Amino acid sequence: MYDLLNVKGLKTAFKNNNQRVSVVNGVDFGINKGEIVGIVGESGCGKSVTSLSIMRLLHDTTGDIQDGKVTFKGENLLDLSERSMRKIRGKEIAMIFQEPMTSLNPVMKIGKQLMQGIILHLKYSKEKAKKHAIDTLKSVGIPRAEDIMNEYPHQLSGGMRQRVMIAIAMSCEPELLIADEPTTALDVTIQAQILELMKRLQSDRGTAILMITHDLGVVAEVCDRVIVMYAGRVVEEASVDELFESPRHPYTKDLIESVPKIGERKSRLYSIPGHVPNPNQMPNGCKFAPRCQHAMEICFNKEPELTSEEKRKHRCWLYQQNNVGREQNLGSK
Amino acid sequence: MGKYVIKRIIGIIPLLVVVSFIVFLFIHLIPGDPARLIAGKEATVKEIQAIRHELHLDEPIFQQYLIYMDGLLHGDFGESIKSHIPVMHLIGERMLPSIELSLLSMGWALVFGILIGVLSAVFKNRWPDYGGMVTAVSGISLPNFWLGLVMIQLFSVQLGWLPTGGADSWKGYIMPSIALGAGIMAMIARFTRSSLVQTLKEDFIRTGRSRGLSSMTIVFGHALKSSLIPVVTVAGLQFGFLLGGSVVVETVFSFPGMGRLLIDSIQLRDYPVVQAELLLFSFEFILVNLVVDLLYGFLNPKISYET
Ligand SMILES: Nc1ncnc2c1ncn2[C@@H]1O[C@H](COP(=O)(O)OP(=O)(O)OP(=O)(O)O)[C@@H](O)[C@H]1O
Ligand SMILES: [Mg+2]
């Protein structure tokens, strides 16, 4: 049990041509107050859908949540009415998205967009909201905050826009910030600044952050704990140090392997062979088995459970107790 | 912004000169000799010559144009060949009812068109959408004179609530404005719907939802403004046409508008009136376009007024 957010057995499916396709399939994880947790995994593994499900933001899609529990401060968000949920969104849990170019309303001044949430959630008067908005902009490192209040998003650079997004998200002092690939669209120096800013916000205000990314560099930089997802499932969970030091799941190992390292000359970048299974043609057994170098017979027949080992968790037959194949496979790499 | 408007208004002047010349040329290329028409069938060649001279028809065409423009600049549109009433006066008494009727038709076409469009977009592929789009398709496909006749039959003949025609009181404007506005409303509804459906898929809408904004705020406060550019475009165009008057609807409701005046004067070959009307329509169209351009800038801050 974590003291801020607990996701249990979350299952989300999309309807495609009258066929339900589960893209998030029984995801379990949790976040403590003030903690930075990363979710990593290849494109399409369901990271964004997981975060949208937590926020219940699947309105404009064909997706819906089939099963599971999302407990935030002891309350199951999936039981709330849309009206009560709106009071959580932006106030208790805020979100920032990958594309700072398109995530702000292009025809509304920054100040108005920022103040809208402040007035709605904190019930401030206009003047007070304006002052708070300017303060928030300053706190995320935006110079000439007063001027920027009267500017439109297209007048700002990508990095500045992402800072504005963070300001909007932080303006009502949420307890949890979900950041869905907040730095992917930015160049490297700006990326580092934004990560620095997020780390600072976390340590100054104690905001917990769920950092969604497919960049292990980002994870190493900011996260306390990491969740590795594959094909709509959690396949491994560990603290950052443990994960990089001794990854358990072959998928995690491959992910770490495929990160290009500075100073290391390789004729070719390592990439994981094969590709992510299509959600409507999932293999039986372990979803990673067809791409796994250590796959055994059982891997193709039966899906392993997410199993705890001290403080970490993994979903792999190689580490399951009473597994016959254990000894012969552990040392094989 | 103020500077931009002044610049645009100054920019209209050369446009007007070109348009006026084209209109002038057109009128004079139409077969038929106005002098002969004025003089009547029995007139002698000499009489016709005299009238020609009086109307400057014997001068080279460019000279005639300059004479005409000189008159215009002094507020003189000439006089009707038929009734000898000054053209200014003829048009003056038709213009106001026409403008009022256009504004009214446009006004409710906009209000109801946008409303139906928004409802259809928000409830996409559910019954309010189907209802709205059936209304829209009917509005486009029903001929406006038929709609006019049906309304007269119902509200004037059967129920006796509204006058069958004329522009003597505000009641006379109700049915013609509905007949004229129905098609435009339908068009506006469809443009609003498709544009809003597109906008609602944008990322910033999801951002808005993630901040806890209500659907109401999202649709009216965020999405609608970005969706209005195509709507303003059609509305402007249609308003331009409306100002020109509609012969059919004006005839059905015996409404004293510009459309009928134009047709009457064309049939009578009353050149000065036709010419003045065409000039006026062009001017109105250019003006409406200017307003539309200014609205674009308001709706999309990326459009700059600088250059
Ligand atoms: N609106 C939608 N309609 C239908 N299917 C969707 C929709 N959104 C996502 N999916 C499907 O859900 C699966 C998971 O998508 P998701 O966006 O969560 O991936 P992701 O892990 O965030 O990937 P990325 O790193 O590319 O952002 C994908 O197979 C995708 O095709
Ligand atoms: Mg994603």
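Modeller: Before we start, contact here means heavy atoms within 4.5 Å. And keep in mind that this is a predicted model.

Biologist: Fine. With that cut-off, which residues does Arg193(B) touch beyond its neighbours in sequence?

Modeller: Leaving out anything within four places in sequence, Arg193(B) is in contact with Gly117(B), Ser120(B), Ala121(B), Lys124(B), Asn125(B), Asp129(B) and Met133(B). Arg193(B) itself belongs to helix H8 of chain B, residues 171-199.

Biologist: What makes the pairing of Arg193(B) with Asp129(B) a polar contact?

Modeller: Their side chains come to 2.8 Å, and the limit for a pair of N or O atoms is 3.5 Å, with one able to donate a hydrogen and the other to accept it. The 2.8 Å value is within that limit, so the name applies.

Biologist: Over to chain A. How do you know that the length of helix H6, residues 158-170, fits a helix?

Modeller: Take 1.5 Å times one less than the number of residues. For the 13 residues of H6(A) that should give 18 Å, and the end C-alpha atoms are 18 Å apart, so the two agree.

Biologist: Why is H6(A) called largely enclosed?

Modeller: Buried means under 20% relative accessible area. In H6(A), 12 of the 13 residues pass that test, so the rest of the structure largely encloses the helix. Among the buried ones are Gly158(A), Arg161(A), Val164(A), Ile168(A) and Met170(A).

Biologist: What do the buried residues of H6(A) pack against?

Modeller: In chain A, strands E6 (93-96) and E7 (176-180), plus helices H3 (110-122), H4 (126-139) and H7 (188-205). Chain B joins in with helix H9 (203-210).

Biologist: Why is Ile190(A) called partly exposed rather than buried?

Modeller: Ile190(A), in helix H7 of chain A, has a relative accessible area of 23%. The partly exposed class runs between 20% and 50%, so 23% puts Ile190(A) there.

Biologist: On to empty space. What makes something a cavity and not a pocket?

Modeller: In a cavity a 1.4 Å probe fits but cannot get out, whereas a pocket is open. The whole structure has five cavities of 30 Å³ or more. The largest has a volume of about 90 Å³. Its lining takes two or more residues from each of E6, H3 and H6 of chain A and H9 of chain B, and H6(A) gives the most, with three.

Biologist: What makes up that lining by class?

Modeller: Six nonpolar, six polar and one charged. Gly counts as polar, so Gly90(A), which is one of the residues nearest the centre, goes in the polar class.

Biologist: How does the lining of the second largest cavity divide by class?

Modeller: That cavity holds about 70 Å³, and its lining has 10 nonpolar, two polar and no charged residues. Cys counts as nonpolar, so Cys286(A), Cys292(A), Cys299(A) and Cys316(A) are on the nonpolar side of the tally.

Biologist: And where is the largest pocket centred?

Modeller: In chain B: of its 28 lining residues, Leu55(B), Leu57(B), Tyr68(B), Gly78(B) and Pro272(B) lie nearest the centre. The pocket has about 770 Å³ of space. H4(B) gives the most to the lining, with four residues, and by class the lining is 14 nonpolar, nine polar and five charged.

Terms used:
Residues are numbered from 1 along each chain as its sequence is written. Chains are lettered from A and ligands numbered from 1 in the order in which they are written. This is a predicted model: local features need pLDDT of at least 70, side-chain atom pairs count only at pLDDT 80 or more; totals for chains, interfaces and linings use all residues. Side-chain values use heavy atoms; hydrogens and water are left out. Buried means under 20% relative accessible area, exposed over 50%, partly exposed in between (1.4 Å probe, protein chains only). On a 1 Å grid over the protein atoms alone, a cavity is a set of points where a 1.4 Å probe fits but cannot get out, and a pocket is an open set with protein on both sides within 12 Å along at least five of seven lines; lining residues have an atom within 4 Å of a point. Grid points are joined across faces, edges and corners, and a volume is the space filled by probe spheres set on the points.
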